[in-house]
Amino acid sequence: MVKFSKELEAQLIPEWKEAFVNYCQLKKQVKKIKNSRKPKTVSLYPIAHHPDFGRSLFDPVRKLARTFSDKLFSSSEKPEIIQVRRRKSSEDGDDVEEIYQTELVQLFSEEDEVKVFFARLDEELNKVNQFHKSKETEFVGRGEILKKQLDILAELKQILSDRKKRSLSGSNSQRSFSSSARNSDFSAGSPGELSETQSETSRTDEMIEALERNGVSFINSATRHKTKGGKPKMSLRVDIPDAVAGADGGGARSIATATSVLWEELVNNPRSGGGDFINRKKIQCAEKMIRKAFVELYKGLGLLKTYSSLNMIAFTKILKKFDKVSGQQASSSYLKVVKRSQFTSSDKVVRLMDEVESIFTKHFANNDRKKAMKFLRPHQQKDSHMVTFFVGLFTGCFVSLFSIYIILAHLSGIFTSGAQVSYLETVYPVFSVFALLSLHMFMYGCNLFMWKSTRINYTFIFEFAPNTALRYRDAFLMGTTFMTSVVAAMVIHLLLRAAGFSAIEVDTIPGILLLIFICVLICPFDTFYRPTRFCFIRILRNIVCSPFYKVLMVDFFMADQLTSQIPLLRHIESTACYFMAQSFRTHEYNTCKNGRIYRELAYLISFSPYFWRAMQCIRRWWDESNTDHLVNMGKYVSAMVAAGVRITYARESTTGWLVVVLVSSVVATLYQLYWDFVKDWGLLNPKSKNAWLRDDLVLKNKNIYYLSIAVNLVLRVAWIETIVRFRVNPVQSHLLDFLLASLEVIRRGHWNFYRVENEHLNNVGHFRAVKTVPLPFRDMDSDD
């Protein structure tokens, strides 16, 4: 039987963990009461203490009668052991909170410990009530705002529908007359346009009155100023933010931060065609935003309902433990108070959930409740045993094929003979690209496994859709499948070379493998994890166009991954040059290396990940006005300078460039280490209760954090190898470069866990468990 403390730990909402009943602390206090109880003295002469000697045949009957009478008259005869007083406090004068305080009516042998227990129990009850009340008020207010937004959207859709009907029923003669009148010199006074203007003005007035009844205010609504065409000036804005989420949690994002259009553009766009299309498009975007806001509201209400039920069970369990230890019946009195408290007696959450279900079914599911529930309660993906089976299968295939490749490479003398340098210069970079990608995918699978094990809500942090988010088994399957295919291609390549096939035909195998990978990546069919593939492509687009897109957590997280894959990008450069220059036909691998453009592109490729990340920092500073982002940008600028200097030193190994490499690399490394430990991981806090770490830790063993700091420090200074140069021949040079690139990927995977852990703890500190979706309609007055 699973203990309730573990069951509660597994079911509670991670972001609201601090707001739950501290069951473990209360359990420890009950244990203290048990240990402090005075043992009962056992009499050495039991006969002297009994008025009657021996036992009677009527003793069972007497005991049964006594038990029956106790149960029958317990409510009227037994006095209350505790008394819970409720008083109301008002800190600000407006918000009145109920505070519970327990007093002991009956004396206990361990009275001090019992008082401490009930004092802590009162604190937990007050904490739960206050949190539940604050969240309930927040969600109810959010619901009222959403209903107002939905009313405005319904009015808009009705207006557009009426306009479409009028445009279809309008006569062609009236259109031709109005167009000819506009082209004449006396078009302003033509009766056709006057009647059209009056009719449209009257329709607009009706619309304004309808929207004002919904609480939408307009600037100068009393005077209704009009333009030269006789149309009123209005101030309601429709904001379509930069991220309009679709059903999968993603969506197209405009280049501007927010596209704000005047109400006049939406309603009074005079003619059909492109204007109506734009209007319908914006209304559709607004509808998607409101729909997603209702989904998030329903999710929050469900979490709050779960919060209430789990805390009620926790209070029941701990009071039963107290009764069992103390030998008294105090749970019934206290549970009556708990059941009358705010977090259990309030039915606002349940009523609002029912209301959201009915509204969503009516407006977004065409009265189809089953369809509505698919949005409001999406089914979680179930773990498939087939995925686990294939992970094990491909892992075994990879190990076997890799062993075969090592044997064939040794027999053919690829890594020992100087005549095989062309293999390392041409074919090996292509396979290195896939190997580093597979390793990164494996590390990401390890990250997903650790995040799930430690209950870090990474899907919420990255804003992934729960029903399509990649799980750690899927990541392992992708990595093992990928690597097995690569090693199989390497084995086939060596076998064909040994069989005497043409070098031109054999060396096209890496290119074919690369082409297959690109085709799978952009495949439009719903197979091979299409949501994940398209999300990856969309994130890459956002990274490349960093200044023009609002930066989300997943965007700069992926950009940080690219900064660790610069060797992979360099290999892609050499591979592209190798095939585009058709060097595989001539086997002149120096064609690319000796080219000026190729040498200059090395700087561009090494700079690009750091440049994109710096642009993201600038964009975040522009959006959030936080100077920390500018300081973070300096880290990537220093890394960019250090990378460029090291490339130059590799070509011109002079003492002057050596000094520049040392200075720039040391500055960049210290900058990066400080930001890793202090900003990204939140560690090295000298005032923390955990020495030089932070107050809140997800992992229980603190030594793991100290070890991680040391590992990150060692792997950050791997650039020293570029100066020392432990190389003897080209084979060792390539293998050492691949090893250093692999270590950097491992370091990045190690960094990922603590970065997301720190972000998760920040969400926990602010009790953020649901996303706040921006709403489309707001007044111009709200901008001021």
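I began with Q561 and asked whether its side chain is buried or exposed in this predicted model. At 6% relative accessibility, Q561 counts as buried, because the cut-off for that class is under 20% relative accessible area. I then looked up where Q561 sits, and found it in helix α21, which covers residues 553–563. I also checked for a polar partner, and noted that a polar atom of the Q561 side chain lies 3.0 Å from the backbone oxygen of F557.

Next I turned to the surface and looked for charge. I found a patch of positive charge there, in which K3, K6, K31, K34, K317, K320, K321, K324 and K700 gather. Two elements, α2 (23–36) and α9 (274–326), each give two or more residues to this patch, and I noted that α9 gives the most, with 4 residues.

From the patch I picked K34, which has its place in helix α2, and asked how accessible K34 is. Its relative accessibility comes to 55%, so K34 counts as exposed, the cut-off for exposed being over 50%.

My last entry concerns L735, which I located in helix α30, residues 730–765. L735 has 37% relative accessibility and therefore counts as partly exposed, since that class lies between the buried limit of 20% and the exposed limit of 50%. I also looked up how far L735 is from Y428, and wrote down that the two are 307 residues apart in sequence, while their C-alpha atoms are 9.9 Å apart in space.

Key. Residues numbered from 1 in each chain as written. Predicted model: local features only at pLDDT ≥ 70, side-chain atom pairs only at ≥ 80, totals over all residues. Heavy atoms only, no water. Patch = residues over 30% accessible without salt bridge, like charges linked within 9 Å, V, L, I, M, F, W, Y side chains within 5 Å. Areas by Shrake-Rupley, 256 points an atom, 1.4 Å probe, with all protein chains shown as cover. Salt bridge = Lys/Arg side-chain N within 4 Å of Asp/Glu carboxyl O. Lys, Arg positive; Asp, Glu negative; His and termini not counted. Charge placed at Lys NZ, Arg CZ, Asp CG, Glu CD. Buried < 20%, exposed > 50% of the residue type's maximum accessible area, 1.4 Å probe, protein only. Polar contact = N/O pair within 3.5 Å; in protein donor to acceptor, adjacent residues only side chain to side chain.
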